[in-house]
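Please load the model in a viewer and colour it by chain position. The tour proceeds by selection, from the whole chain to single residues.

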Amino acid sequence: MADLPFGFTVRVPDSWYEFDVWRAGRTGDLARLVDARVAATPELAPHRSVLLKVLREVADLAARHGAIFGAAMTDHVEDAGTVLATLMVLHTRGRSDPEGNTVEAIASGIVAVPPRPGTPGWRGVEIVELDAGRAVRVTGVETGELDSVVMQTLIPVPGGHGVLDLVLTSPHLSLAEPMLDLFDAISATLAWSDPQGE
C-alpha cells in the first residue's frame, strides 16, 4: 500500500461505530465502543452480544481487505431487527502510469451493468464532483453469497499518491434507495488533511 502523504477525514452519523481497523482485532476497543453505547442507551443492553459480534465480523472483513478505516451502523429497529451498513476506506497505489489514475481512466475500467429481469444485480458508473475533488462513483446491487447495496467512491489522492476507495455496503436490498442516499451523504464528507490533521 502506498503511503498517504497526509490524512483524510470522513464523517458518519453519530449512531455509527468508528474503529481503527488494526486495533479492532488486537485490543478490546470494540467491546469498549459497545459498552459506552450501551451505557448511553441502556435499552441496547439486551443486544450487546449481537452488536459486538457484528462489529467484530465487520472489523475482520475490513482487515482482510486491507482497509485503513472502518465504521458500521448496527441500529436495532423494532419489528425489523438489526439494520446493518458498513464503511471501509481502502488506499491503493493505483496504476504505475499516473495517467491510469485519472477519474476518466478509472471510470473507463469499470463495466456498468443495467438492471435485468430475474436478478437484483446492477451497477452504475459516473464521475462526481466532491469537495475533496473529482471522483468515480459506482453504485448498485452486487450479487454473491450475500446480495448487497453498494456504493464505491474512488478518488485520486492529490499529488499522485494512489487512489482512495470509500466502500459503503448494506445487505438490506429493500432499503436500497435510502441506503444509497445515506451513502452519498457520507461520501460527500470526505476531506483531505495534512499530517498533523489540520
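The stops below go from domains to helices and then to individual side chains.

**Domains**

The model is predicted, and a useful opening selection is its domain assignment. Select residues 14-86 for domain 1, then 93-114 together with 122-189 for domain 2. Domain 2 is thus given as two segments of the chain. Display the centre of each domain, taken over C-alpha atoms: the two centres are 23 Å apart. Where the domains meet, domain 1 contributes 8 residues to the contact and domain 2 contributes 12 residues.

**Helix H2**

Select residues 29-40, which form helix H2. This helix has 12 residues, and the distance from its first C-alpha to its last is 17 Å, close to the 16 Å expected at 1.5 Å a residue. Show the side chains of Asp29, Leu30, Ala31, Val34 and Val38, which are buried. Now add the elements that cover these buried residues: they include strand E2 (17-19), helix H1 (21-24) and H3.

**Loop between H2 and H3**

Which residue should be selected in the loop between H2 and H3? His47 is found there. His47 is described as partly exposed because its relative accessible area is 23%, and the buried class is limited to values under 20%. A distance label from His47 to Met88 reads 24 Å, C-alpha to C-alpha, for two residues 41 apart in sequence.

**Helix H3**

Proceed to residues 48-64, helix H3. The helix has 17 residues and reaches 24 Å between its first and last C-alpha atoms, close to the expected 24 Å at 1.5 Å a residue. Select Leu51, Leu52, Val54, Leu55, Val58, Ala59 and Ala62, the buried residues of H3. Where do they sit when the view is turned down the axis of H3? The buried residues fall within an arc of 165°, so they line one face of the helix. On the other side, colour Ser49, Lys53 and Arg64, which are exposed. After H3, select Gly66, whose phi is positive, near 75°.

**Leu52, within H3**

Centre the view on Leu52, which lies in helix H3. Is Leu52 buried or exposed? With a relative accessible area of 6%, Leu52 is buried, since the limit for that class is under 20%. Leaving out residues up to four places away in sequence, Leu52 touches Leu30, Ala31 and Val34. These three residues are also among the buried ones of H2. Of these partners, label Ala31: its C-alpha is 6.5 Å from that of Leu52, although the two are 21 residues apart in sequence.

**Rings**

Show the side chains of Tyr17 and Arg37. Arg37 lies over the face of Tyr17, at 4.1 Å from the ring centre. How many aromatic pairs does a search of the whole structure find? The search finds 0 aromatic pairs.

**Loop between E6 and E7**

Select strand E6 (133-142), strand E7 (148-156) and the loop between them, where Thr143 is found. Thr143 is partly exposed, with a relative accessible area of 45%. Apart from neighbours within four places in sequence, Thr143 is in contact with Thr119, Pro120 and Gly121. Add Trp122 as well: its C-alpha is 8.7 Å from that of Thr143, and the residues are 21 apart along the chain.

**Helix H5**

The final helix on the tour is H5, residues 176-187. It has 12 residues and reaches 16 Å from first C-alpha to last, close to the 16 Å expected at 1.5 Å a residue. Select its buried residues, Ala176, Met179, Leu180, Phe183, Ile186 and Ser187. They cover an arc of only 120° around the axis, which puts them on the same side of H5. Rotate to the face turned away from this buried side, where the exposed residues Glu177 and Asp181 are carried.

End the tour at Ala185, which is found in helix H5. Ala185 is partly exposed, with a relative accessible area of 45%. Add Arg11 to the selection: Ala185 and Arg11 are 174 residues apart in sequence, and their C-alpha atoms are 9.2 Å apart in space.

How values were computed:
Residues are numbered from 1 along each chain as its sequence is written. This is a predicted model: local features need pLDDT of at least 70, side-chain atom pairs count only at pLDDT 80 or more; totals for chains, interfaces and linings use all residues. Side-chain values use heavy atoms; hydrogens and water are left out. Helices (H or I, at least four residues) and strands (E, at least two) are DSSP runs, numbered from the N terminus. Buried means under 20% relative accessible area, exposed over 50%, partly exposed in between (1.4 Å probe, protein chains only). Contact means heavy atoms within 4.5 Å. The expected span of a helix is 1.5 Å times one less than its number of residues. The arc is that of the directions from the helix axis to the C-beta atoms. Rings of Phe, Tyr and Trp (its six-membered ring) pair if their centres lie within 6.5 Å; planes under 30 degrees apart count as stacked, over 60 as edge-to-face and the rest as tilted. A charge sits over a ring if NZ of Lys or CZ of Arg is within 6 Å of the ring centre and within 35 degrees of the ring normal. Domain bounds come from an automatic or database domain assignment.
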